[in-house]
Amino acid sequence: MAVTLDQTIAQKQHTFLSRLFANQTFWVVIAVILACLFLSVATDSFATSKNLFNITRNVTFTAIVALGMTFVIITGGIDLSVGSVLCLSSMVLAVTMHAGYSIEVGILASIATALVVGAFNGVLIAYLGFPPFVVTLGMLSVARSLAMVASNNTVVFQFGPDHQKLLALGGGAWVFGIANPVLYMIILALITGFILRWTKFGRHIFAIGGNEHAATLTGVPVKQIKVAVYMISALSAGLAGIIQTGWLGAVTTNLGNGMELQVIAATVIGGANLAGGVGTALGAIVGAALIEVIRNSLGLLGINAFWQGTFIGGAIILAVLFDRIRNFRRSD
Amino acid sequence: MSVLELANISKHFGAIQAVNDVSFSLEAGEVVGLMGDNGAGKSTLVKMIAGNFRPSHGTMHLEGKELVMHKPDDARQHGIEIVHQDLALCNNLTAAANVYLGRELRKGVGPFRVLDYGAMYKRAGQLFAELKSETRPRDLVKQMSGGQRQAVAIARTMLSQAKIVLMDEPTAAISVRQVAEVLNLIRHLRDQGIAVVLISHRMPDVFDVADRVIVMRRGRKVADKRIASSSPEEVTGLITGAIEQVA
C-alpha cells in the first residue's frame, strides 16, 4: 500500500510506552519504589509513619529548591548559591520578625532579598557574560557571610509577635493532615510543570538550553529570560528558607550548608541534563526523593553515616552514566 | 516595481571597507545567486538586508518605501526572512517548536494564554507537506537528516507572508540527494512569488536554480548577469579577479 506524504507527516513515531521506557524519570520512580519495598521488608523501622513523615519533610526542602534549579539547568546554567541564599532569606525573615515586625513584612523582606540576589546573579551572567559557575560560587560565599552579618552569627529562635503564625506556616498540617511543606512542594511543582510545558517563557527556556545562538537569532529575549531563571532559582531557595524556618523554629547560619550538591544531584538524577535543554518538574521531585530514600536507608541499615556522601555522589555519576549510554546508542 | 532596491550601499568597520557602493534590485519570484570569495562582502551585505547591520552610506527601498531597520526583528516585520547558515535550530525541540520559535501560537485569554500545541503541529505539518518534505512536526530535530533540517528552517520563513528570503550557504555540507531537496525548496519559494537571495560557494547549485547571479569581489559588485548569458567559467574568473568586471 502506498503511503502518502500526508500520512508520513501525520505519523507519530513514538508510542506512549516507548516514550515511557526511554524516560529517565520513569526509571528513577521505579528505583524509588523498589528501594521503599526493599526497606519495608528488610527493616522494621522504615515503613513507620514517623519515618515516612521524616522522609517526606526532608524531601520537600531539597525538592522545592530543585524545582527552581531545574529552570537554571534547562538553560544550560548552574546556580551554586542556593544553599546560602536559603540561609540568607531565612535569616532576613528571622531578624525582621525578631525586631518586632509582622510575618507579612518578614516574608516580603525575605522574598525581596532572594529576588535581589537572583537578579544580581542573572545580570552578571546574562548581560556581562560571566560564567554562571563563577558568579554563583562567589554568591555562595557572599550570601552566607551576609546571613552571619545580619544575625551577628547567633541562633535566632524568637520571632516576635507573629511567632506562632510562622511556626504554623511551616510546621502545621492544614489540609487532610498533610504536612504544610509537602503541600507547598506539590503546589510549586504544579506551577513549575505548567510553566515549562504550557507557556512561551517555558518554551524559550528550553530553546536557550538547546541552542542559545539560535534562540537569539529567532528573536527570543535570551538575556531577560536568563535573568528571570536565576531570580526563580533564588526565589525557590528563599521560599524553602521561609518554610524551613517555620518548620525548625530556629535559624542558624549553618542552614542549607552544602545543600547545592543535593539540589543539583536531585535535578540531574531526575533526568535534567547539565548541558542544558532537558529537565522536568517531576524529575526534580523524584530525584530529591531518591536521594532522601538512599540517605534514610543508610541509617536504617546501620551503615556508617560517613558513607552518605559516597552514595549520593555515586548516584549522580550513575545518573549521568545512564544518560551517556543512551546517547552512545543514539549516535551509532 | 522591484521588491527590494539597494542604492549605493556601503559599510565600513573602522578603516575596513567591507561593502563599497553596491546597488542592485530584486524582483518578486526571482532567485538571485550571490557569489564571491571569503571576505568579498557577501555576508556583510546580507546582514544589512537582514537588519543586523545598518549601512554606513546608501539607501534601501522595500516596495518603493524607504527601509530603515535597527534590529533583525524589524526585517522580519517587513517580510524579510533569513535562513542562517547553521540553520539556527534547537536539537532538543520538535520540528514544530523550531518552526514557531520566537513566535509561538497561544490560545486563551489575557494572562491565561497557553501554547497552542495542536495548531502549531497542524500548521507545521501543512508547511512540510507544501514543501514536499517528509518531516514530522512532532519529531525532535536531533533525529533529522540534513534535508529535513533545511525544511524546518525554510518552513519558518513561510509562517508569515515573506517577500524576501535570504539563504546563507544552504547547500554547504549536506549530501547530494539533500542538495537536490534544498534546491526544490528554493524553487517552491520562488513559485510563490518570493524573491530568494542564495548565497553560495557552489557553482552548480547557483547555475541550477538561480535566474541571475551577482558577483562580489573586495566589497564591490563586479557582475550582475542573467544566468542564461553567463557561464561557470566567467563567474569563476570574476570571483578570483581573473576577469576584472562585466557590465
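**Figure 1. Strand β9 of chain B and its partners.** Five bridges tie β9(B) to strand β10 (residues 195-199) of chain B, and the two run parallel. Keep in mind as you look around that this is a predicted model. Within this pairing, Ile164(B) sits opposite Ala195(B) in β10(B). β9(B) also pairs with strand β6 (residues 80-83) of chain B, again in the parallel sense, this time over four bridges. Here you can spot Glu81(B) standing opposite Val165(B) of β9(B).

**Figure 2. The two faces of β9(B).** Is strand β9 (residues 164-168) of chain B enclosed or open? Five of its five residues are buried, so the strand is largely enclosed by the rest of the structure. Look at one side and you find Ile164(B), Leu166(B) and Asp168(B), all buried. Flip to the other side and there are Val165(B) and Met167(B), buried as well. Both faces of β9(B) are covered, then.

**Figure 3. The company Ile164(B) keeps.** Which residues does Ile164(B) touch once its neighbours within four places in sequence are set aside? Its contacts are Val3(B), Leu4(B), Leu26(B), Gly79(B), Ile80(B), Ile194(B), Ala195(B) and Val197(B). You have already met one of these, Ala195(B), as the residue opposite Ile164(B) in β10(B). Ile164(B) also turns up in the largest nonpolar core, which has 165 residues: together with Val65(A) and Leu198(B), it touches the most other members. The element that gives the most to this core is helix α12 (residues 222-248) of chain A, with 13 residues.

**Figure 4. Two loop residues with positive phi.** Follow chain B into the loop between β6 and α3 (95-99), and you come to Ala88(B). Its phi is near 55 degrees, a positive value in a residue other than glycine. Now go to the loop between β9 and α6 (176-191) of chain B, where Glu169(B) is found. Glu169(B) isn't glycine either, yet its phi is positive too, near 45 degrees. Are these two buried or partly exposed? Ala88(B) has 20 other C-beta atoms within 10 Å, and the cut-off for buried is 20 or more, so Ala88(B) counts as buried. Glu169(B) has 18 C-beta neighbours inside 10 Å, so it counts as partly exposed.

**Figure 5. Ala284(A) and its surroundings.** Over in chain A, Ala284(A) lies in helix α14 (residues 281-300). It is buried, with 36 other C-beta atoms within 10 Å. Leaving out neighbours within four places in sequence, Ala284(A) is in contact with Ala63(A), Ala66(A), Leu67(A), Thr70(A), Ala266(A), Thr267(A) and Gly270(A). How far is Ala284(A) from Val65(A) in sequence and in space? In sequence they are 219 residues apart, but in space their C-alpha atoms are 9.0 Å apart. Val65(A) is also one of the three residues that touch the most other members of the largest nonpolar core.

**Figure 6. Two annotated stretches of chain A.** An unreviewed UniProt entry labels several parts of chain A "transmembrane region", including residues 80-100 and 107-130. What do these look like in the model? Residues 80-100 of chain A are 81% helix and 0% strand, with end C-alpha atoms 32 Å apart. For residues 107-130 of chain A, the figures are 83% helix and 0% strand, and the end C-alpha atoms are 30 Å apart. Chain A as a whole has 15 helices and zero strands.

**Figure 7. Where chain A meets chain B.** How many residues does each chain bring to the meeting? Here 25 residues of chain A are in contact with 25 residues of chain B. On the chain A side, α1 (5-10), α10 (200-210) and α11 (212-217) each supply at least two residues. With six residues, α10(A) gives the most to that side. Sort the chain A residues by type and you get ten nonpolar, eleven polar and four charged.

**Figure 8. Chain B as a backdrop.** Step back, and chain B shows eight helices and twelve strands. Its radius of gyration is 19 Å, close to the 18 Å that the globule rule gives for 247 residues, so chain B is as compact as a globular protein of that length. Buried residues make up 45% of its 247 residues.

Definitions and conventions
Residues numbered from 1 in each chain as written. Chains lettered and ligands numbered in written order. Predicted model: local features only at pLDDT ≥ 70, side-chain atom pairs only at ≥ 80, totals over all residues. Core = buried A, V, L, I, M, F, W, Y, C linked by C-beta atoms within 7 Å. Buried ≥ 20, exposed ≤ 12 C-beta atoms within 10 Å, placed from the backbone. Contact = placed C-beta atoms within 7 Å. Nonpolar A, V, L, I, M, F, W, Y, C, P; charged D, E, K, R; others polar. Pairing = 2+ DSSP bridges. UniProt positions renumbered as here; feature names shortened; annotations may be inferred. Rg over C-alpha atoms; globule rule 2.2 N^0.38 Å.
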